[in-house]
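Please open the structure in the viewer and keep the sequence panel visible beside it. This tour proposes a series of selections and states what is found at each stop.

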Amino acid sequence: MFVKPHHIRLLGFCLALCWPWAGETSPLASWQTTAGSRVLFVAAPEPRMLDIRIVFDAGSAQSVALPGLSTLTNALLVEGAGDWNADQFAERNANAGVQIGQGALRDMAWISLRTLVEPKALETALESLTAVLTRPRFAAPDIERKRQGMLVALKQIEQDPGALGKRQFLKHLYGDHP
């Protein structure tokens, strides 16, 4: 098992059966699991969907010595998991209408899931999410493809005045602090 439950600090967990199209919103329920994870829950009658967002205490501030490590690691989580390579993983989720996403910032990383609650789609979604969290593949070709994509993105940033200004602003504001 790659990720052990006690290694994951769930900062947020959102489970919702979509917001209603109009009218009053459903009340927000909140509780804490025995492992200390915070859960937020909003129920709505239509459409019957499941949204989950798992937020980790992670991000670029955790890997200052290795810039880009958290972004690369998090991006690779959805590039195949368990028994499925990147193409198989994407195809099985697309065929079931399952959306699995990810992201990383300076102070957090997350995995998100959106699916209909129809039994086949829900089963596929939960199997995929479980595989992402417990058995990511980190296959060499996927690592290299993502690495090359990140290098291209870095070259583009070097030509973006807004991105360069933001980098200088953060350096001026925080110095070398992550």
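Begin by selecting Phe 138, which is located in the loop between α3 and α4. The model is a predicted one, and the backbone at this position deserves attention. The phi angle of Phe 138 is near 50 degrees, a positive value in a residue other than glycine. With a relative accessible area of 23%, Phe 138 is partly exposed.

**The whole chain**

Now display the entire chain as a cartoon. How many helices and strands does the chain have? There are five helices and six strands. Followed along the sequence, they give the pattern β-β-β-β-α-α-β-β-α-α-α. Of the 178 residues of the chain, 31% count as buried. Contacts between residues at least 6 apart in sequence may also be considered: 71% of them join residues at least 24 apart.

**Helix α1 and its cover**

Select residues 69-77, which form α1. Which residues of this helix are buried? They are Ser 70, Leu 72, Asn 74, Ala 75, Leu 76 and Leu 77. To see what covers them, add β5 (99-104), β6 (109-116), α3 (119-134) and α4, which are among the covering elements.

Remain in helix α1 and select Ser 70. Its relative accessible area is 13%, and because buried means under 20%, Ser 70 counts as buried. Leaving aside residues up to four places away in sequence, Ser 70 touches Gly 59, Ser 60, Ser 63 and Ala 104.

Next, move to Lys 146, which has its place in helix α4. At 24% relative accessibility, Lys 146 is partly exposed. Show its contacts: apart from residues up to four places away in sequence, Lys 146 touches Leu 72, Ala 75, Leu 76 and Glu 79. Leu 72, Ala 75 and Leu 76 were met above as buried residues of α1. For a distance across the sequence, draw a line between the C-alpha atoms of Lys 146 and Thr 71; these residues are 75 residues apart along the chain, and the atoms are separated by 9.8 Å.

**The loop between β5 and β6**

Select Leu 105, which lies in the loop between β5 and β6. Is Leu 105 buried, partly exposed or exposed? At 45% relative accessibility, Leu 105 counts as partly exposed. Beyond residues up to four places away in sequence, Leu 105 touches Ala 58, Gly 59, Ser 60 and Trp 110. One of these, Ala 58, is 47 residues from Leu 105 in sequence, and their C-alpha atoms are 8.2 Å apart in space.

Trp 110 offers a further item to inspect. Show the side chain of Arg 53: its charged end sits over the ring of Trp 110, 4.3 Å from the ring centre.

**Aromatic rings**

A pair of aromatic rings is described by the distance of the centres and the angle of the planes. How many aromatic pairs does a search of the whole structure find? The search finds two.

For one pair, select Trp 31 and Phe 41: the ring centres are 6.3 Å apart, the planes make an angle of 45 degrees, and the pair is tilted. Trp 31 belongs to strand β2 (residues 28-32) and Phe 41 to strand β3 (residues 38-42), so the pair ties together parts that are 10 residues apart in sequence. Trp 31 is partly exposed at 41% relative accessibility, and Phe 41 is partly exposed with a relative accessible area of 24%.

For another pair, select Trp 84 and Phe 89. Their ring centres are 6.5 Å apart and their planes stand at 45 degrees, so this pair is tilted. Phe 89 is buried, with a relative accessible area of 3%. Add Arg 92 to the view: its charged end sits over the ring of Trp 84, 3.9 Å from the ring centre.

**The largest pocket**

For the final stop, display the surface. Rolling a probe the size of a water molecule over the atoms shows where empty space is left. The largest pocket has a volume of about 1200 Å³. Among the 29 residues that line this pocket, those closest to its centre are Ser 60, Pro 67, Gly 68, Arg 106 and Arg 167. Ser 60 has already appeared as a contact of Ser 70 and of Leu 105.

Which helices each supply at least two residues of the lining? They are α1 (69-77), α4 (140-157) and α5 (161-174). Finally, colour the lining by residue type: it divides into 16 nonpolar, seven polar and six charged residues.

Notes: Residues numbered from 1 in each chain as written. Predicted model: local features only at pLDDT ≥ 70, side-chain atom pairs only at ≥ 80, totals over all residues. Heavy atoms only, no water. 1 Å grid on protein atoms, 1.4 Å probe; cavity = no way out; pocket = protein on both sides within 12 Å on 5 of 7 lines; lining within 4 Å. Points joined across faces, edges and corners; volume = space filled by probe spheres on them. Helix = DSSP H or I, 4+ residues; strand = E, 2+ residues; numbered from the N terminus. Nonpolar A, V, L, I, M, F, W, Y, C, P; charged D, E, K, R; others polar. Buried < 20%, exposed > 50% of the residue type's maximum accessible area, 1.4 Å probe, protein only. Contact = heavy atoms within 4.5 Å. Phe/Tyr/Trp six-rings, centres within 6.5 Å; stacked < 30°, edge-to-face > 60°. Lys NZ or Arg CZ within 6 Å of the ring centre and 35° of its normal.
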